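Student: I'd like to go through the pockets in this one and ask how each label is earned. Can we put the model up?

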Amino acid sequence: MLSSESGIETPCRPTWAEVNLGNLQSNYLEMRRHLTGGARLMAILKANAYGHGAIECGRALAAVGADWFGVALPEEGHELRAAGLGGEIFCVGGFWQGQGARLIADRITPAIFRRDAAAELNERAREAGRVVEYHLKVDTGMGRLGVTSDEVGEFARYLQTLGNLRLTGVLTHFADADGREREFTDIQIGRYQRVIDELTELGFEIRWRHLANSAGIHAYPGAHGTLARAGATLYGLVRDVLAPGLVVPALRPVMSLHSRIVMLKRVPAGTPLGYGGTFRTGRESVIATLPIGYADGVRRSLSNRGRVLVRGREVPIVGRVSMDLTIVDVTDLPAVAIGDEVVLLGEQGTRRILAEDLAIDAETISYEVVTGISARVPRRYSYSQG
Ligand SMILES: *Cc1c(COP(=O)(O)O)cnc(C)c1O
């Protein structure tokens, strides 16, 4: 097995992820079509683009016109700038003490929600002889980061004293836009609107008004503001991301996960398999070992309950998933052979396993499935559509 990640062919373990950048581009354009009132789309690239590779995804999105990118940490923004990504980079999580100067140098726009961060940014901006733009993050009901909506007036009067900063945007984040009930999100939208009114009265001009995540874009067209932030849907995650009961946009999965059978053995009935012998064969069985484990992102909770695709058929994970290896029961595949490709996430023949399916088996959400595919798994990029 060869890897061509660096352009140099080096032999490596036959475990890899494929990232279809054509599908990513198609998802971006699809989500953009859903926006109302001329709102712009921010492509969220945090957490290595949800495990898909932030630099490659950023470049592919820029190539189809993306000009707003979102990260969670300044470090993620610096990585993108170092790779030459242009456009606006917005840091939804703000920044930590001491990070202000580099943020300014790299033209990364931070979310601000604490006085000390605003003061640091203002000081560094003054030293750089610049006026630096930022967005105010308002907590309208998530209960996490953000100035509580009824404290915004007081906070804003403090912001007005900072001469080297310019407030150009206000964001909030929905807690339940994927839920069946609309009441809580409507309350959040109402609080957000009152914040905008209050800031306008204080003399601020808020160009970038952003509330919606993927689920919000889908379910609350009235809350698209002038900018909307999509993550999960760009990567083709749908079923556990969007609210039920609405027309589902035409999105395509972007990442798949592959390995190959490295060991095959025939064992008698009653053979314990893996750590703790938690699976015992009920019949004479053919057992295949795969060189992929929980350190690669195959969640240990899939032990004795996950499935993989081999020769176009679904076969069960047996025994405990271990750090580097996983065992599957291939007794029902007569022609199975060492080297057969195994799909853990994605399509093979007529069958497919979506991140949403894996999430159900692993008792998590599709976001955690894709972000969990670790750095040890090489990514192979392609532009094929479909
Ligand atoms: C991660 C994140 C998003 C993207 O959410 P999705 O559900 O993946 O679309 C949007 N806004 C903020 C503030 C986030 O942290």
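Student: Which residues lie nearest the centre of the second largest pocket?

Tutor: This is a predicted model, by the way. Pro 253, Met 255, Ser 256, Gly 346 and Glu 347 lie nearest the centre, out of 25 lining residues. Strands E3, E13, E21 and E22 and helix H10 each give two or more residues to that lining.

Student: What makes a residue count as lining?

Tutor: Lining residues have an atom within 4 Å of a pocket point, and 25 residues line the second largest pocket. Its volume is about 400 Å³.

Student: How do the lining residues of that pocket divide?

Tutor: Ten are nonpolar, ten polar and five charged. Gly counts as polar, so Gly 346, one of those nearest the centre, goes with the polar ones.

Student: Why is E3 called mostly covered?

Tutor: Buried means under 20% relative accessible area, and four of the five residues of E3 are buried, so "mostly covered" fits.

Student: How do you know that E3 pairs with E13?

Tutor: Pairing needs at least two bridges. E3 and E13 have four, in the antiparallel sense, so they pair. Ala 17, for one, has Leu 257 of E13 as its bridge partner. E3 also pairs with strand E23, in the parallel sense over four bridges; there Asn 20 is partnered by Ser 382.

Student: And what lines the largest pocket?

Tutor: That pocket holds about 670 Å³ of space. It has 31 lining residues, with Lys 46, Tyr 50, His 173, Asn 213 and Tyr 367 closest to the centre. The lining divides into 17 nonpolar, six polar and eight charged residues.

Terms used
Residues are numbered from 1 along each chain as its sequence is written. This is a predicted model: local features need pLDDT of at least 70, side-chain atom pairs count only at pLDDT 80 or more; totals for chains, interfaces and linings use all residues. Side-chain values use heavy atoms; hydrogens and water are left out. On a 1 Å grid over the protein atoms alone, a cavity is a set of points where a 1.4 Å probe fits but cannot get out, and a pocket is an open set with protein on both sides within 12 Å along at least five of seven lines; lining residues have an atom within 4 Å of a point. Grid points are joined across faces, edges and corners, and a volume is the space filled by probe spheres set on the points. Buried means under 20% relative accessible area, exposed over 50%, partly exposed in between (1.4 Å probe, protein chains only).
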